[in-house]
Amino acid sequence: MTAVDLDAYARDGFLVLEDFVAPSDCDALQERAAKLVAAFDPGPTRTVFSARDQDHARDRYFRESGEAIRFFFEEGATDQSTAQALNKIGHALHDLDPVFDSVSRRPQFADLARTLGFRQPLLLQSMYLFKQPHIGAEVGWHQDATYLYTRPSTVTGFWLALDDADRDNGCLLALPGGHRGPLRQRFRQVGNDLVTEILDPAPWPAVEPVALEARRGSLVVLHGLLPHASAPNRSPRQRHAYALHLIDAAAEYPADNWLQRPGRPPRGFM
Ligand code: FE2
């Protein structure tokens, strides 16, 4: 298994593990995503996924995506084909699609979760992220625990580069050590609405952001409280990635989290 520097993870809140999966696994996920997209008929209206505008949050299509395979478009997409206009696919690829299931449950992921301290890991959510050439949108600074909240916080992101990700095509950015600060916001259900609640108004720490450049097949591990973002992709190169989010079954999962899986409870690696 790739060496895991737990001291660096505790200090920084992230790890970049090179060559974590085989190129054949990257091929398999990219080919499978292309097939899913080819079979997807968006119909007359495209459901936009925008990181800035939360209007989509009222959409049932988004709300039910926690236990489905749903397709979300780039805000900046105009005349592009569907394959060139999608922002992401989410959020239960790892449970509903056999290829994503198989790669997501590779032993190296299970071993890594154990090494990071998970006792009862649950694969809560997965996303195929396109970051399209020229139009791939920025993702603003956030903590994943805002969206995937447990008490205590246990969410951890496994972000797998399916293309080389660098400063030009919108790689991840992080504030090193920022995971040691508080959770700032929580995105949750209030009645029929999804709202962003301020938990702590503390600003992000005044540290220089670092670019988490990752070659194809590398895995970026993100602590659930680490502030991270990504810049828009203005380059002609796509930046596909596959993100898997784990929580620990020992923690409480509130009933007012946006992501609910009543019909298909999350499973572990088995
Ligand atoms: Fe994130």
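**Exercise 1. Is His 228 buried or exposed, and which residues join it at the iron ion?**

Start with the accessibility in this predicted model. His 228 has a relative accessible area of 4%. The cut-off for buried is under 20%, so His 228 is buried.

Next, look at the metal. The iron ion is coordinated by NE2 of His 142, OD of Asp 144 and NE2 of His 228, at 2.1 to 2.2 Å. Along the chain, these donors give the spacing H-x1-D-x83-H. Asp 144 sits in the loop between strand 5 (139-142) and strand 6 (156-161), while His 228 is in strand 12 (residues 228-230), so this pair ties together parts 84 residues apart in sequence. Asp 144 counts as buried too, at 7% relative accessibility.

**Exercise 2. Work out what order the strands take in the open sheet of four, and which stand at the edges.**

Begin with the order: 5-12-7-10, with antiparallel pairing. Strand 5 and strand 10 (210-212) each have a single partner strand, so they stand at the edges and one side of each has no neighbour in the sheet. From one strand to the next, the twist averages 25°.

Now zoom in on strands 5 and 12. They run antiparallel and are joined by two bridges. Here His 142 stands opposite His 228, and both of these histidines are iron ligands.

**Exercise 3. Find which residues have the most contacts inside the largest nonpolar core.**

That core has 40 residues, and the ones to pick out are Phe 158, Leu 219 and Val 221. Helix 2 (residues 23-39) supplies the largest share, five residues.

Then take Phe 158 and skip its neighbours within four places in sequence: its contacts include Phe 109, Leu 112, Leu 116, Leu 219, Val 221, Tyr 242 and Leu 246. Finally, there's a second, separate core of 16 residues, with Phe 14, Trp 159, Leu 212 and Val 220 among them.

**Exercise 4. Track down where the unusual backbone spots lie.**

Keep the rule of thumb handy: most residues other than glycine have a negative phi, and most peptide bonds are trans.

- Cis bonds: Gly 90 to His 91 is cis, with omega near 0°, and His 91 lies in strand 3 (residues 86-91). Arg 151 and Pro 152 are also joined by a cis bond, omega about -10°; Pro 152 is in the loop between strand 5 and strand 6.
- Positive phi: Asp 19 has a phi of about 50°, lies in the loop between strand 1 (14-17) and helix 2, and is exposed at 52%. His 134 has a phi of about 70°, lies in the loop between strand 4 (121-129) and strand 5, and is partly exposed at 49%.

Terms used:
Residues numbered from 1 in each chain as written. Predicted model: local features only at pLDDT ≥ 70, side-chain atom pairs only at ≥ 80, totals over all residues. Heavy atoms only, no water. Donors = N, O, S within 2.8 Å, 3.2 Å for Na, K, Ca; no water. Buried < 20%, exposed > 50% of the residue type's maximum accessible area, 1.4 Å probe, protein only. Pairing = 2+ DSSP bridges. Axes fitted to C-alpha atoms, helices over the stretch in contact; angles between N-to-C directions. Core = buried A, V, L, I, M, F, W, Y, C linked by side-chain atoms within 4.5 Å. Contact = heavy atoms within 4.5 Å.
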